[in-house]
Amino acid sequence: MGKPWFRTKQYGYGASLPCSWEGWAVLVLFIGVMIGLSALPVPLTQPHRWLGVALRIGLVIGFIVLVWRKSDKPWGWRWGGK
(Lines give C-alpha, C1' and ligand atoms only; values in the text may rest on other atoms or scores of the structure.)
Protein backbone atom coordinates (compact mmCIF):
# COMPACT_ATOMS: atom_id res chain seq x y z
CA MET A 1 0.00 0.00 0.00
CA GLY A 2 2.91 2.38 0.53
CA LYS A 3 3.00 5.28 2.93
CA PRO A 4 -0.36 6.60 4.15
CA TRP A 5 -1.71 9.89 2.89
CA PHE A 6 -4.32 10.21 5.65
CA ARG A 7 -4.41 9.21 9.32
CA THR A 8 -7.46 7.66 10.87
CA LYS A 9 -9.27 9.66 13.51
CA GLN A 10 -8.44 9.09 17.15
CA TYR A 11 -12.09 9.65 18.12
CA GLY A 12 -14.98 8.72 15.86
CA TYR A 13 -15.11 7.11 12.44
CA GLY A 14 -13.09 7.79 9.29
CA ALA A 15 -9.97 9.76 8.52
CA SER A 16 -8.68 13.13 9.62
CA LEU A 17 -6.58 15.69 7.79
CA PRO A 18 -3.81 14.55 5.42
CA CYS A 19 -0.42 13.55 6.80
CA SER A 20 1.59 13.80 3.55
CA TRP A 21 1.93 16.18 0.65
CA GLU A 22 0.07 13.75 -1.62
CA GLY A 23 -2.94 13.84 0.67
CA TRP A 24 -2.88 17.64 0.80
CA ALA A 25 -2.64 17.79 -3.00
CA VAL A 26 -5.66 15.49 -3.39
CA LEU A 27 -7.65 17.52 -0.85
CA VAL A 28 -6.83 20.85 -2.54
CA LEU A 29 -7.65 19.37 -5.96
CA PHE A 30 -10.97 18.02 -4.68
CA ILE A 31 -11.95 21.38 -3.17
CA GLY A 32 -10.86 23.21 -6.34
CA VAL A 33 -12.92 20.96 -8.60
CA MET A 34 -16.00 21.29 -6.37
CA ILE A 35 -15.67 25.09 -6.41
CA GLY A 36 -15.05 25.00 -10.16
CA LEU A 37 -18.25 23.02 -10.72
CA SER A 38 -20.16 25.62 -8.72
CA ALA A 39 -18.71 28.41 -10.86
CA LEU A 40 -19.89 26.98 -14.19
CA PRO A 41 -22.00 29.44 -16.19
CA VAL A 42 -25.76 29.02 -15.95
CA PRO A 43 -26.29 28.35 -19.71
CA LEU A 44 -24.14 25.22 -19.36
CA THR A 45 -25.87 23.89 -16.27
CA GLN A 46 -29.51 24.94 -16.76
CA PRO A 47 -30.56 22.32 -19.36
CA HIS A 48 -29.05 19.37 -17.45
CA ARG A 49 -29.23 20.02 -13.72
CA TRP A 50 -28.88 16.31 -12.94
CA LEU A 51 -25.45 16.28 -14.61
CA GLY A 52 -23.98 18.68 -12.04
CA VAL A 53 -25.47 16.69 -9.19
CA ALA A 54 -24.17 13.42 -10.63
CA LEU A 55 -20.68 14.88 -11.05
CA ARG A 56 -20.60 16.12 -7.47
CA ILE A 57 -21.85 12.81 -6.07
CA GLY A 58 -19.27 10.92 -8.14
CA LEU A 59 -16.47 13.19 -6.96
CA VAL A 60 -17.45 12.82 -3.31
CA ILE A 61 -17.69 9.02 -3.56
CA GLY A 62 -14.37 8.84 -5.40
CA PHE A 63 -12.70 11.06 -2.80
CA ILE A 64 -14.03 8.96 0.09
CA VAL A 65 -12.81 5.74 -1.55
CA LEU A 66 -9.37 7.25 -2.17
CA VAL A 67 -9.08 8.47 1.44
CA TRP A 68 -10.22 5.07 2.71
CA ARG A 69 -7.64 3.22 0.60
CA LYS A 70 -4.80 5.61 1.49
CA SER A 71 -5.45 5.68 5.26
CA ASP A 72 -2.92 4.21 7.68
CA LYS A 73 -5.36 1.85 9.48
CA PRO A 74 -8.72 0.28 8.72
CA TRP A 75 -11.64 2.59 9.42
CA GLY A 76 -13.69 1.86 12.49
CA TRP A 77 -15.20 3.60 15.47
CA ARG A 78 -12.49 4.72 17.90
CA TRP A 79 -12.72 5.96 21.48
CA GLY A 80 -9.27 7.50 21.80
CA GLY A 81 -6.94 4.91 23.28
CA LYS A 82 -9.63 2.67 24.78
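Here are some worked exercises on the structure above, which is a predicted model.

**Exercise 1. Find the salt bridges and say which parts of the chain they link.**

Start with the count: a search of the whole structure turns up 2 salt bridges. Remember the general idea, too. Side chains of opposite charge can pair when their charged atoms come close.

Step 1. Take E22 and K3. Their side chains meet in a salt bridge, at 3.5 Å from N to O. That pair ties together distant parts of the chain: E22 is in helix α1 (residues 21-38), K3 is in the segment before β1 (6-8), and the two are 19 residues apart.

Step 2. Now take R7 and D72. They form a salt bridge as well, and the closest N and O atoms are 3.3 Å apart. Here, too, distant parts of the chain are linked: R7 belongs to strand β1, D72 to the loop between α3 and β4 (78-79), and their positions lie 65 residues apart in the count, that is, they are 65 residues apart.

Step 3. Sort the four partners by exposure, with buried meaning under 20% relative accessible area and exposed meaning over 50%. E22 has 16%, so E22 is buried. K3 has 47%, so K3 is partly exposed. R7 is partly exposed because its relative accessibility is 40%, and D72, at 25%, is also partly exposed.

**Exercise 2. Check the length of α1, then work out which residues it buries and which it exposes.**

Step 1. Helix α1 has 18 residues, and at 1.5 Å a residue they should span 26 Å. The end C-alpha atoms of α1 are 26 Å apart, so the expectation and the model agree.

Step 2. List the buried residues of α1: E22, G23, V26, L27, F30 and L37. Looking down the axis of α1, you'd see them fall within an arc of 140 degrees, so they line one face of the helix.

Step 3. Ask what covers that face. The cover includes β1, β3 and α3.

Step 4. Turn to the face pointing away from the buried side. There you'll find the exposed residues W21, V28 and I35.

**Exercise 3. Do the same for α3.**

Step 1. Helix α3 covers residues 49-69. Its 21 residues should span 30 Å at 1.5 Å a residue, and its end C-alpha atoms are 31 Å apart, which agrees.

Step 2. The buried residues of α3 are G52, F63 and V67. Down the axis of α3, these fall within an arc of 30 degrees, so they line one face of the helix.

Step 3. Those buried residues pack against β1, β3 (15-18) and α1. The face of α3 turned away from the buried side carries W50 and R69, both exposed.

**Exercise 4. Which residues make up the nonpolar patch on the surface?**

Step 1. The members are V53, I57, I61, V65 and W68. Together they have about 480 Å² of accessible area.

Step 2. Place one of them: I61 lies in helix α3.

**Exercise 5. Describe the surroundings of T8, W24 and V60.** Contacts up to four places away in sequence are left out throughout.

Step 1. T8 sits in strand β1. With 10% relative accessibility, T8 counts as buried. Its contacts are G14, A15, S16, S71, D72, K73, P74, W75 and R78. One of these, D72, is the residue that pairs with R7 in a salt bridge.

Step 2. W24 is in helix α1. Its relative accessibility is 40%, so W24 is partly exposed. W24 touches L17 and P18. The C-alpha atoms of W24 and F6 are 9.0 Å from each other, with the two residues 18 apart along the chain.

Step 3. V60 belongs to helix α3. At 31% relative accessibility, V60 is partly exposed. Its contacts are F30 and M34, and F30 is among the buried residues of α1. For V60 and M34, which are 26 residues apart along the chain, the C-alpha separation is 9.1 Å.

Conventions. Residues are numbered from 1 along each chain as its sequence is written. This is a predicted model: local features need pLDDT of at least 70, side-chain atom pairs count only at pLDDT 80 or more; totals for chains, interfaces and linings use all residues. Side-chain values use heavy atoms; hydrogens and water are left out. Patches are made of residues with over 30% relative accessible area and no salt bridge: like charges are joined within 9 Å, nonpolar side chains (Val, Leu, Ile, Met, Phe, Trp, Tyr) within 5 Å. Accessible areas come from the Shrake-Rupley method with a 1.4 Å probe; for residues, only the protein chains shown count as cover. A salt bridge is a side-chain nitrogen of Lys or Arg within 4 Å of a carboxyl oxygen of Asp or Glu. Helices (H or I, at least four residues) and strands (E, at least two) are DSSP runs, numbered from the N terminus. Buried means under 20% relative accessible area, exposed over 50%, partly exposed in between (1.4 Å probe, protein chains only). The expected span of a helix is 1.5 Å times one less than its number of residues. The arc is that of the directions from the helix axis to the C-beta atoms. Contact means heavy atoms within 4.5 Å.
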